[in-house]
Amino acid sequence: MNIINFLDDFTTSNLLEGKTSRRDIFGTLGNLGKKAAIAAVPFGLATMPKKTFAQSMDADPVGALQLALTLEYLEDEFYDLALQSGVLPTGRPETVYMQISQHEQAHVDFLIAGLEGAGVTPVSKPTFDFTAGGAFDPFNENGVGQETAYAQLLALAQAFEDTGVRAYKGQAGNLLGSPFLTAALQIHSVEARHASEIRRLRGLKGWITNNERGAGMPEATQAVYNGEENVMQGGLDVTTLGSGDAFGMAASTEAYDEPISGDAAVSIASLFIVEE
Amino acid sequence: MKKEIIKVHQPKPAKNRRQFLKLGGLAIAGTGLLMACNNDDDQGSMMPPEGGVFDLGEGDLGVLNYAYALEQLEADFYTKVVNSFYANISDVERQVLTDLYYHEVNHRDFFKTAITAAVEGNVDLVLPTLEFDYGNLDFGNRDQVLATARTLEDTGVAAYNGAGRLISNPDYLVLAGKIVSVEARHASAIRTLINPGSADFAGDDVVTVDTGLDLALDPSDILAAVADTGFVKTEFTANSLP
């Protein structure tokens, strides 16, 4: 299966129905009540035929860009809906979301133009469900209330931005030697600027300590942070390079962001993509 | 029109580069040496030994030494910041600047060890420890410290973004990626400390509005701007990097 067909399929139900359908997952969770469901939304649990994905995605610059576009579609729509929801307080939150929204829209346009310029049909935009099957209510559409909705808006934004940083990094190797590498890096660092601001807006540090998702983040988002505790860089354990706090676990993990694989990124995104 | 957007080289107007890399509004008297050009010994600075000017090298080694130079500057700057915090510093600012100090020291020592290992201990190929002088920069002045931090972090982001395409080894590319996003997180935080509640964390001065792309600059542009600050006293060249 070529990468384009693969990603087209990824936007439909085919792949998600490989073993357990997403509806089944959330149907099960529905019995636990909303609060429990929020804590248990299985980021990373979406079932994917990983072998197919790996064969299709790896070492393929086009696949890397199609994945990037899918993630940008998700972010772009999320921020658009957030701004329309009336949930965001005016002032800093609205200013921040507006700036990020502008960038995500630009990234979508940019990636589409780049793919088309390379003679490739861009993957189509999936249908998104930011409630993740009813686990969240970030736009206060189902009456969760402004305060909770706002907290979820921030938590989802943090998860999406930190995921984006890791996903772009994970595709860098696939873009090595490609004319798209520099542009991808330029998007990657913008996602990191966003991530830092959203985290700080939530009262966290702008950087990731160990594999901590941070206060107030649903346990479901832990997949976004697993692996960030790595201290082996280029074969060196950076905690052994010197003494003092600069080489403690906290600083040594904060100082390096870690990549995630394409299928890990897809697993996270898939929770917000509707089967059609 | 759209098809032209993605290019290897960032088509950023030269005027913007200079604006971005300048220490906006600060009168910092640069007495530093030009890195690739003539010597400047009117301050009595130490001359390098005859023929002893270090060249960063070519290929991946050159990029690693280049990154090491930038990390040395950042680490040295934040060391001075945390050793004499400006008066009445807020808790948040103290925490941010302390973390940046930790991270940059970690990066610096990582590059020293990694490059030394990569050249199998041939220390002649490893950029030596650089000397720095901040001239009239007042470390007791919050505005000057934060503005300098912003410039260093934004410069780091642009430098790593521009250097990615010069790297051949995919492991080094991922390493650069692991570090550049942390530099971008730093830049974002510093920018918000300077202008709270604004869109400056990813401001239009660094992220092109039409494309949503951050800056990416070649080593020659970055090193020229760094030389202009006058902070780096130790001469070195980058003859094999674009």
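Helices are DSSP runs of H or I with at least four residues, numbered from the N terminus. The structure described here is a predicted model.

**Helix α6 of chain B and the residue after it**

By that numbering, α6 of chain B covers residues 219-229. Its buried residues are P219(B), I222(B), L223(B), A225(B), V226(B), A227(B) and T229(B). G230(B) follows α6(B) and has a positive phi, near 75°.

**Positive phi outside glycine**

Two asparagines, N210(A) and N88(B), also come up for their backbone angle. N210(A) is not a glycine, yet its phi is positive, about 50°. N88(B), likewise a residue other than glycine, has a positive phi near 60°. The table sets out their places and accessibilities.

| Residue | Phi | Loop | Relative accessibility |
|---|---|---|---|
| N210(A) | about 50° | between α8 (181-201) and β1 (232-233) of chain A | 19%, buried |
| N88(B) | near 60° | between α2 (59-83) and α3 of chain B | 79%, exposed |

N210(A) counts as buried because its relative accessibility of 19% falls under the 20% cut-off. N88(B) counts as exposed because its 79% is over the 50% cut-off.

**Chain B as a whole**

Chain B holds 6 helices and 2 strands. Read from the N terminus, its elements follow the order α-β-α-α-α-α-α-β. Of the 242 residues in chain B, 55% are buried. The accessible surface of the chain is about 10000 Å², with 49% of that on carbon and sulfur atoms. Taking contacts in chain B between residues at least 6 apart in sequence, 80% link residues at least 24 apart.

**The interface of chains A and B**

The size of an interface is often given as the accessible area lost when the parts come together. For chain B and chain A, the buried area is about 5100 Å², and carbon and sulfur atoms account for 64% of it. In terms of residues, 65 of chain B are in contact with 61 of chain A.

Between the two chains there are 6 salt bridges. One of them joins the side chains of D257(A) and R185(B), with an N to O distance of 2.8 Å. Polar contacts across the interface number 29 residue pairs, both residues at pLDDT 80 or more.

On the side of chain B that touches chain A, the elements giving two or more residues are α3 (91-118), α4 (142-163) and α5 (170-194). Of these, α5(B) gives the most, with 19 residues. By residue type, this side of chain B divides into 33 nonpolar, 19 polar and 13 charged residues.

Notes. Residues are numbered from 1 along each chain as its sequence is written. Chains are lettered from A and ligands numbered from 1 in the order in which they are written. This is a predicted model: local features need pLDDT of at least 70, side-chain atom pairs count only at pLDDT 80 or more; totals for chains, interfaces and linings use all residues. Side-chain values use heavy atoms; hydrogens and water are left out. Contact means heavy atoms within 4.5 Å. Buried area is the accessible area (1.4 Å probe) that two parts lose on being put together, summed over both. A salt bridge is a side-chain nitrogen of Lys or Arg within 4 Å of a carboxyl oxygen of Asp or Glu. A polar contact is a pair of N or O atoms within 3.5 Å; within protein, one must be able to donate a hydrogen and the other to accept it, and residues adjacent in sequence count only if both atoms are side-chain atoms. Ala, Val, Leu, Ile, Met, Phe, Trp, Tyr, Cys and Pro count as nonpolar, Asp, Glu, Lys and Arg as charged, and the others, Gly among them, as polar. Buried means under 20% relative accessible area, exposed over 50%, partly exposed in between (1.4 Å probe, protein chains only). Accessible areas come from the Shrake-Rupley method with a 1.4 Å probe; for residues, only the protein chains shown count as cover.
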